[in-house]
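Q: Hi! Got a minute to walk through this model with me? I'd like to start with the overall fold.

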Amino acid sequence: MSSQVRLRLLPSARCLFDQPVQVKVEGLRSRQVVTMRARSTDEKGVVFSSSATYRADGSGKIDLLRDPSLSGSYVGVEPMGLLWSMKADALHKYFFKDNALQPHVVKFSVHEEGREDRMLAEVTNERLLIGNGVSRVPVKGRNFQGVLFTPPGQGPFPAVLDVSTFASEKRASLLANKGFVVLAVPVYTDKPHNVKQTNLDHFKEAVDFLQQQPKVGSKGVGIVSQSKGGEIALSLAAFVPGVEATVWINGCSAVSLVPLYYENQQIIPPLLFDTNKMIHTESGASIIKYGLGNPLAEKNKGSLVPIEQAKGRFLFVAAEDDLSLDIKACMDQMVERLKHHGKENFETVRYPGAGHLMEPPYSPYCPSSFSGVISYVVLWGGEARAHAAAEVHLWSKMQEFFRTHLSCDAAQTKPKL
C-alpha cells in the first residue's frame, strides 16, 4: 500500500445500513486513473464485489459525490454505486443479510488501474442494522414467531408489523432505528410445499401482540409487506380491526397458491401457479410472471382480497419491471376496486426500471436468484441503477406514510395487560 494515498469514508466508517457515505481518495498523482473496489461476504459465505474506474482531479483527489465512474460495475456519478452494484462471481446469487445483530461489513479499496494486486489504500465500512439502544427480542406466540424491535426511550412509538415471505430482520431493525416498534413475522416458517393453507388468525395474533407492547402509542398498527406478504397485509387490512396503514410492495391483489382461512373457515380460495407457463432463459433463470392465474379473469375473482372492507389507508408500490408478477395489473385492479366502492383511502407509487426485490437502500441489487416459494431460479427484473434509486425513494416514502397515518400520543401509552 502507498503511504501517500488516503481513502476516507465520511462522516464515519461506521454507520447505519441505510445511511450513505461519502467516499473520498486523496494523495494520488494529478489525473491518475485508479480502480475503486468494494467487497463483502454474506451470511452464507458468498463473496460479492464491485469495481469502477475513476480519474483523480488535478490535485490528486477523487470524490464519489462529484466524480463519475468511467467504466466498471457502473458508469457516471453514483456516490453509492460501489455498494448497490456488488455481485457474486456465480450467477443467480442473492446477498443474504438477515441477522440484525451482525453489521454489513464492506471493504473499500483503491488499486492501480488494472492491477488488483497493487492496492494503494483500503478502509472497512461497518454498516449496522441495529442502532444504539434498540432492543431485539425473539418472540414465540401461540401461533406465530418473529422478532420484536423496540427503540430506546419511553415513547410513545407507532407500531408496525413487517410481513416478509421468509424470516428477515433487515427492514424491521432499520425501521426501529427510525422510532417505530416493529415486529418482524415471516409468511413461511416451514418449507412452502408443506404448507396447505394460510391462517390469517396467526397474523392477527401478531397484530394483537404488537398493540399490547407498553411503548406502543399508535391507536392502530401499520403493516409493511412485500411479495407473498402482500396478500397477507391486504387480508389483515380487510378483515382485522386496528390496521391503520398498509404498505403493499410488489405483491398480489389476490390470495395465491394455498387457501386463506380465518376463524376456522376458508374465506378466500387461491390462484394456482402453472409451471407450464414459465419462460425459461439461457441463463438458467425463468420468468414466472405469467405462471400465476390471472386475478382479473372472471373465474378467479373470488380469489381477490376484498380491500374495500379496510378502514385504514393503503400505499401501493409497484416496480414496473417486476418479472415475477404482473404488479402493475394487480395495482391497477386494486385502485379500480377501491374507486368503484367510493374509496379514496390509497396512494400509489410506480417505479419504472425497478425489479421485484425492493429492499432498504444500498443493498446489492439482485436480478435473479433461487425462489424458495416455487423452487426455481427466477428473474426478478429491474435495471440496477433505476432499482437502487427506487429503493432510496421508497425508504423515505414508507416512513413518511407511517408517520402521517399512525397517530401517536402519550395518552395512548396506558398500561397494557
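Q: What radius of gyration does the chain have, and what would a compact globule have?
A: The chain has 23 Å, which agrees with the value near 22 Å for a compact globule of 417 residues. The radius is taken over C-alpha atoms, and the globule rule is 2.2 Å times the number of residues to the power 0.38.

Q: Before we go on, what are the ground rules here?
A: This is a predicted model, where local features need pLDDT of at least 70, side-chain atom pairs count only at pLDDT 80 or more, and totals for chains, interfaces and linings use all residues. Residues are numbered from 1 along each chain as its sequence is written, and side-chain values use heavy atoms, with hydrogens and water left out.

Q: Thanks! What box do the C-alpha atoms fill?
A: Roughly 70 × 55 × 40 Å, taken along the principal axes.

Q: And how many helices and strands are there?
A: The chain has six helices and 25 strands. Those are DSSP runs numbered from the N terminus, with helices being H or I of at least four residues and strands being E of at least two.

Q: How much of the chain is buried?
A: 53% of the 417 residues count as buried. Buried means under 20% relative accessible area, exposed means over 50%, and partly exposed is in between (1.4 Å probe, protein chains only).

Q: What about contacts across the sequence?
A: Taking contacts between residues at least 6 apart in sequence, 66% join residues at least 24 apart. A contact here means heavy atoms within 4.5 Å.

Q: How many charged side chains, positive and negative, are there?
A: There are 47 positive and 42 negative side chains, and the centres of the two sets lie 3 Å apart. Lys and Arg count as positive, Asp and Glu as negative, while His and the chain ends are not counted. Each charge is placed at NZ of Lys, CZ of Arg, CG of Asp or CD of Glu.

Q: Let's zoom in on helix 5. How far does helix 5 reach?
A: Helix 5 covers residues 327-340, and its 14 residues reach 20 Å from first C-alpha to last, close to the expected 20 Å. That expected span is 1.5 Å times one less than the number of residues.

Q: Which of its residues are buried, and what do they pack against?
A: The buried ones are Ile-327, Cys-330, Met-331, Gln-333, Met-334, Val-335 and Leu-338. They pack against helix 4 (228-239), strand 17 (243-249), strand 22 (313-319) and strand 23 (346-351).

Q: And what follows helix 5?
A: Gly-342, with a positive phi near 70°.

Q: Which residues have a positive phi without being glycine?
A: Arg-31, at about 65°, and Leu-257, at about 75°, are two examples. Arg-31 lies in the loop between strand 3 (22-26) and strand 4 (33-41), and counts as exposed at 52% relative accessibility. Leu-257 sits in the loop between strand 17 and strand 18 (260-262), and at 27% counts as partly exposed.

Q: Where are the cis peptide bonds?
A: One joins Leu-10 and Pro-11, with omega about 5°, and another runs from Gly-155 to Pro-156, with omega near 5°. Pro-11 is in the loop between strand 1 (6-10) and strand 2 (14-16). Pro-156 is in the loop between strand 12 (145-150) and strand 13 (157-164).

Q: Last one: is Glu-78 buried or exposed?
A: Glu-78 counts as buried, because its relative accessibility is 15%. Beyond its neighbours within four places in sequence, Glu-78 is in contact with Tyr-54, Leu-64, Trp-84 and Arg-385.
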